[in-house]
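Trainee: Could you take me through this one before I set anything up with it?
Mentor: Gladly; let us put the structure in front of us and go piece by piece.

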Amino acid sequence: LECESPRVAATANVSAAGDLAVTALPYNDSNDTANYGDPFEGTPGANCGAGSENYLSGNDVIYKYTAANTELVDILMSNLSGYYAGVFVYESCGDLGVHCVAGAVAGPSDDDFGIEDFQMTAGQDYFIVVSSWLTSTVGYTLDIIPFSCASLASPVADPLQDFVAGDTLADLEVDTTKNSATLAWYSDPQGNNPIADTTTLVDGINYYVAQVFNGCESALTPITVDEIDCTSS
């Protein structure tokens with residue numbers, strides 16, 4: 001085993017936790033921690049998104065990936081068969097239970113969860129650990145998906161929005177789907193005529209907005225604005 005522990009489970013028909021090789025992305029695996037042993041215990045470590053809870057207490061599955069590219073990836077967990085699943089990313093075996101570079105936990109839920117927009121560096125080893133707390137084993141599907149421009153969604157906005165005289169594009173309510181994304185505004189549906197977000201809104205006009213993330217720009221979301229007449233009784 002590359003990531004060995006002083007305590008390796010010796011349960012019949014269950015292998016000790018070892019590295020499952022991830023050779024290329026995107027990667028998909030449907031599995032169950034019941035198929036593996038429980039060589040690790042306690043908390044997953046600092047920066048793991050689990051607080052002080054013992055999310056390494058369940059059986060452990062370890063995936064090893066040597067990054068082929070410097071890129072953002074999503075590490076997603078779905079189809080959970082129980083509560084309190086966790087997924088944690090380490091850069092070395094010695095970091096297991098000590099310090100994560102990313103992590104996420106399901107908590108008291110079997111809803112989908114995961115780590116989004118994790119930055120991988122070409123040539124770096126990553127150890128992705130699936131385990132659980134308060135339940136000894138959990139079934140799951142793991143997806144490791146590299147970011148692509150084609151997957152970048154349009155920003156979310158109501159198609160018809162009210163405004164008062166003097167408002168600008170920056171006053172419209174628009175939500176990005178990526179935390180660090182920015183907005184780009186256009187006066188035409190083809191995205192040929194960029195305009196500043198300080199542009200004063202004009203009644204009945206259509207405006208178009210994209211989100212920009214990681215060097216990519218999404219499709220446009222159209223917004224039609226309707227001026228509220230504040231002088232009417």
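Mentor: What follows is a talk about a sheet, the nonpolar cores and the disulfides of this predicted model.

Trainee: OK, what order do the strands take in the open sheet of four?

Mentor: The order is β2-β9-β4-β7, and the pairing is antiparallel. The edges are held by β2 (27-32) and β7 (113-120), each of which has a single partner strand, so one side of each is left without a neighbour in the sheet.

Trainee: And by how much are neighbouring strands turned against each other?

Mentor: On average by 15°, with direction ignored.

Trainee: How many bridges join β4 to β9?

Mentor: There are six, between residues 71-78 of β4 and residues 139-146 of β9, and the two strands run antiparallel. In that pairing Val73 of the one strand stands opposite Pro146 in β9.

Trainee: Switching topic: which residues have the most contacts inside the largest nonpolar core?

Mentor: Those are Tyr63, Ile75, Val87, Phe118 and Ile144, in a core that has 29 residues. At least two residues of this core come from each of β3 (61-66), β4, β5 (85-90), β6 (102-105), β7, β8 (125-132) and β9, while β7 gives the most, with four residues.

Trainee: Take Val87, what does it touch?

Mentor: Leaving aside residues up to four places away in sequence, Val87 touches Ile75, Met77, Gly103, Ala104, Phe113, Ile115, Ile128, Val129 and Val130. Apart from the largest core lies another one, of 15 residues, which includes Phe40, Tyr55, Phe88 and Cys100.

Trainee: Cys100 again, so which cysteine is its disulfide partner?

Mentor: Cys48, with the two sulfur atoms 1.9 Å apart, and the link is right-handed, with 95° about the S-S bond. Cys48 lies in the loop between β2 and β3 and Cys100 in the loop between β5 and β6, so the pair ties together parts that are 52 residues apart in sequence.

Trainee: Are those two buried or exposed?

Mentor: Cys48 is buried at a relative accessible area of 2%, and Cys100 is buried at 0%.

Trainee: How many disulfides does the count come to?

Mentor: Two. Cys149 and Cys216 form a disulfide with sulfur atoms 1.8 Å apart, and their link is left-handed, with -55° about the S-S bond. This pair links distant parts of the chain, 67 residues apart, with Cys149 in the loop between β9 and β10 (160-163) and Cys216 in strand β14 (residues 216-217).

Trainee: What about the accessibility of Cys149 there?

Mentor: Cys149 counts as partly exposed, at 46% relative accessibility, whereas Cys216 is buried, with a relative accessible area of 5%.

Conventions:
Residues are numbered from 1 along each chain as its sequence is written. This is a predicted model: local features need pLDDT of at least 70, side-chain atom pairs count only at pLDDT 80 or more; totals for chains, interfaces and linings use all residues. Side-chain values use heavy atoms; hydrogens and water are left out. Two strands pair if DSSP finds at least two bridges between them. Axes are lines fitted to C-alpha atoms, for helices over the stretch in contact, and angles run from 0 to 180 degrees between N-to-C directions. A nonpolar core is a set of buried Ala, Val, Leu, Ile, Met, Phe, Trp, Tyr and Cys residues joined through side-chain atoms within 4.5 Å. Buried means under 20% relative accessible area, exposed over 50%, partly exposed in between (1.4 Å probe, protein chains only). Contact means heavy atoms within 4.5 Å. A disulfide is a pair of cysteine sulfur atoms within 2.5 Å.
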